[in-house]
Amino acid sequence: MPSAVRSSRGSSALRLGRFAAMGAVAVLILIAGVWASWGTAQHVMLTKGRERGTVEVTRCAEDACEGPYRPLSPGSQPRAKVVLDDTVAVEKGRTYTVVLKPDGAEAVRSGPAGVLYAWVPLGGALLLASVVVAGGLLRTRAAWVMALAGAGLLTAAFVAL
């Protein structure tokens, strides 16, 4: 067998291996972004049957804020204290519309700001995966689309909060 044929097969196998490995890394990053986002996004986006109301933030600590809950949805009960995680999106003294998680003690912001904030991890994953797609898969157009989508999501969440 001529060496040129062997060399061609070897480089084809390496290209295929690189493509498979980088594709798997990019997909894994995107799955992790969706997984991290869905933990909060499911409560914000699928509100049917969930308790909805408002929370006036009275106290903030390092990683959470809390305040009294006033119901807006039928069947929801007022609570003296519910906790809002991720104080980056919450300020003391303001009132926010929220959706209660099934345990009833934790709340997440609702509305457009809550939806955008819930999907922030996916925005970061899109930015990170775009680097892998551009460098490892050599798909620059797809990488630019992913990067712009991620940057747009992060910017929209920043502006909405």
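Reading strands, rings and a core

Author: Let's start with a small piece: strand β2 (residues 59–60) pairs with β3 in the antiparallel sense, over two bridges. Keep in mind that this is a predicted model.

Reader: Fine. What joins β2 to β3?

Author: A hairpin does, running through three residues. To read the register, look for bridge partners: C60 has C65 in β3 as its partner.

Reader: And which other strands pair with β3?

Author: Strand β1 (residues 52–56) pairs with β3 (residues 64–71), again antiparallel, over three bridges. Find V55 and look across to Y69, its bridge partner in β3. Then there's strand β4 (residues 79–85), which runs antiparallel to β3 and is joined to it by five bridges. Here E66 stands opposite V83 of β4.

Reader: On to aromatics. How many aromatic pairs does a search of the whole structure find?

Author: First the idea: you describe two aromatic rings by the distance of their centres and the angle of their planes. In this model the search of the whole structure turns up one pair. The ring centres of W38 and W119 are 6.2 Å apart and the planes sit at 45 degrees, so this pair is tilted.

Reader: Why does the pair tie together parts that are apart in sequence?

Author: Because W38 lies in helix α1, while W119 is in the loop between α2 (111–118) and α3 (120–136), the pair links parts 81 residues apart in sequence.

Reader: Is W119 buried or exposed?

Author: The cut-off for buried is under 20% relative accessible area. W119 has 16% relative accessibility, so W119 counts as buried. W38 has 35%, so W38 counts as partly exposed.

Reader: Which residues form a nonpolar patch on the surface with W38?

Author: V34, M45 and L46 join W38 there, and together the four have about 360 Å² of accessible area. V34 lies in helix α1 (residues 3–45). With 38% relative accessibility, V34 counts as partly exposed.

Reader: Now the inside. Which residues touch the most other members of the largest nonpolar core?

Author: As a general idea, nonpolar side chains in soluble globular proteins tend to be buried together. Here the largest nonpolar core has 15 residues, and I29, W119, L122, V133 and M146 touch the most other members. The elements giving two or more residues to this core are α1, α3 and α4 (140–160).

Reader: Which element gives the most to this core?

Author: That's α3, with six residues. And look at W119 again: one ring of the tilted pair, and also one of the core residues that touch the most other members.

Terms used:
Residues are numbered from 1 along each chain as its sequence is written. This is a predicted model: local features need pLDDT of at least 70, side-chain atom pairs count only at pLDDT 80 or more; totals for chains, interfaces and linings use all residues. Side-chain values use heavy atoms; hydrogens and water are left out. Two strands pair if DSSP finds at least two bridges between them. Helices (H or I, at least four residues) and strands (E, at least two) are DSSP runs, numbered from the N terminus. Patches are made of residues with over 30% relative accessible area and no salt bridge: like charges are joined within 9 Å, nonpolar side chains (Val, Leu, Ile, Met, Phe, Trp, Tyr) within 5 Å. Accessible areas come from the Shrake-Rupley method with a 1.4 Å probe; for residues, only the protein chains shown count as cover. A salt bridge is a side-chain nitrogen of Lys or Arg within 4 Å of a carboxyl oxygen of Asp or Glu. Buried means under 20% relative accessible area, exposed over 50%, partly exposed in between (1.4 Å probe, protein chains only). Rings of Phe, Tyr and Trp (its six-membered ring) pair if their centres lie within 6.5 Å; planes under 30 degrees apart count as stacked, over 60 as edge-to-face and the rest as tilted. A nonpolar core is a set of buried Ala, Val, Leu, Ile, Met, Phe, Trp, Tyr and Cys residues joined through side-chain atoms within 4.5 Å.
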